[in-house]
Each structure stands twice: as C-alpha cells, then as structure tokens.
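I have opened my notebook and will jot down what I look up, one entry at a time. Come along with me through the model.

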Amino acid sequence: MWSPTKKTSLVAAILLASSVLASAEVKVGQPFPALASFSLEGALPESAGRVVLVDFWATWCAPCRASFPAYSALQRELGGRGFTLVAVSVDKQKGAYDEFLAKFAPAFTTVRDGKQSLVGEVRVPAMPTSYLIDRHGVLRAVHSGFYGDKTMKELRTQIIELLEEKS
Amino acid sequence: MKPPKLIALLLLATLALLSGCTTVQPWERATLADYKMRPDRDPLLTAMMEHIYFSREASSGGRGVGGSGCGCN
C-alpha cells in the first residue's frame, strides 16, 4: 500500500503532466478533426475527396480581413479542380460576423464557431491560421499568420501539388 | 521534514503557481483587439500626456508600440 505522501506526489505529477498534454496542437501528418462533428453555424460544403483549406479568422483580426480578397480569388481559380476553402470564424458575436459577411461577400464558404469548440480542439497558434488538408483528410501544411503575397504564393503551390497527387 | 514530503509539497506549490497563470489564447483576443483597448485612442489626451512627459523629462517618444492587443500574425 502506498503512503499518503506518495499518493499526493503521484496525483500532483499526473496533474502536471495533463496540463502539459492539454496544450497539444493538431500536427502535420495527422487526420484533421471532422468539421461536421462540431456545432458550427452555417452549411458545410461537400469536401469528400477534395483538397480543403480550413482558415480560422475573426472580424476583429486585421490580417484575417486582408486575406479575404486573395482567398476569394484562390477559390475562384482552383475550385473547379477540386479545391474547397472553408473559413471558420471564431467570432462570439453573431452581429459582427453577419455584418462583415454582408459587406465583403466572400467567394468561399464561411461558418461560425461561436462556441469556439473547434478552434479549442485545433488550438491555433495565431490568428489567422490556415490548415491545408489533402483528399484523404490528412493535415499536410499549416500557415500561421497571413503575410500577403508570400503566404498566397506558398499556399497556391502547395494546393496545386496536392491537387495533382494521385488519389 | 522528510524528503518525500518536501517533494510532494514542492510539486503542489508548482501546481498552485501554474494554475495562477493563464494564457489568453489567440482566438480569445476579441476584447483585447477592441478599439477601446488602444492606449492612443484619444489624440488630445495623448498630446497632453506627451507634453507633460516632455516638460518633466526633457525628452519625448519611446512610450511603447502602436496597435492594440490582438496579437495577430
């Protein structure tokens, strides 16, 4: 039988370890969480067998707003080849989200993670962050932040590579 | 105090210290990103503070970085 001191030490060590493990992010090479299993507001597009870019954004995030025109152009260019962009807003305020979408009318699908359950699971390192997922649902690249042409050039190259991969 | 007891106490103290700190996650910074959180949101007040600072210290500027607390990118 363990002494109370040993038991206390064990409990403390487990709590310490769990606090470290709880901060794990989704890693490249792992399956990306299924969007449909989270209570997202808005209709999700059919993404089976498609290359998907999941972008986490918010109306209060300036680089996120700056990315919208470029992402719209990307969706228009590559949508017909099997590419789908899903922008997940982490806005808690529905009013700000609706107002923003009415103003900018993006060419890609947007949904709202008002309860922040998906973003809490994925644990994005910065706002915005985009996750590139291949046709099999595996995370292949992560882009933290948005740096204009630099980000778009990298993203476009990676997306085309994934579109051209044999399924 | 016996060493195992001391270790247990140290571990508990570490836990208590860790639980006292929290990180505002990137997706939780809506309030910090609000315009009201900007230290330079009132140009008149900023000008007055600069003037007072200059009068007292004979120097100006270097009062911090611009922008609010979004921490984006």
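**Notebook: chain A and its partner**

I began with how far apart contacting residues sit along the sequence. In chain A, 71% of the contacts with a separation of 6 or more join residues 24 or more positions apart. I note here that this is a predicted model.

Next I looked up the secondary structure. Chain A has 5 helices and 5 strands. Reading along the sequence, I wrote down the pattern α-β-α-β-α-β-α-β-β-α.

Then I turned to burial. Chain A has 167 residues, and 46% of them count as buried. I took "buried" as under 20% relative accessible area. The exposed surface of chain A comes to about 8,500 Å², with 57% of it supplied by carbon and sulfur atoms.

My next page is about the two chains together. How many residues of chain A are in contact with chain B? I found 22 in chain A, touching 17 residues of chain B. The size of an interface is often given as the accessible area lost when the parts come together. For chain A and chain B, the buried area is about 1,700 Å², and carbon and sulfur atoms give 71% of that.

Which elements of chain A give two or more residues to this side? They are helix H1 (4-21) and helix H4 (117-122). H1(A) gives the most, with 6 residues. Sorting the residues on the side of chain A that touches chain B, I got 15 nonpolar, 6 polar and 1 charged.

Last, I checked for specific pairings. I found 0 salt bridges across the interface of chain A and chain B. Between these chains I could list 1 residue pair in polar contact, both at pLDDT 80 or more.

Conventions: Residues numbered from 1 in each chain as written. Chains lettered and ligands numbered in written order. Predicted model: local features only at pLDDT ≥ 70, side-chain atom pairs only at ≥ 80, totals over all residues. Heavy atoms only, no water. Helix = DSSP H or I, 4+ residues; strand = E, 2+ residues; numbered from the N terminus. Buried < 20%, exposed > 50% of the residue type's maximum accessible area, 1.4 Å probe, protein only. Contact = heavy atoms within 4.5 Å. Areas by Shrake-Rupley, 256 points an atom, 1.4 Å probe, with all protein chains shown as cover. Buried area = accessible area lost by both parts, 1.4 Å probe. Salt bridge = Lys/Arg side-chain N within 4 Å of Asp/Glu carboxyl O. Polar contact = N/O pair within 3.5 Å; in protein donor to acceptor, adjacent residues only side chain to side chain. Nonpolar A, V, L, I, M, F, W, Y, C, P; charged D, E, K, R; others polar.
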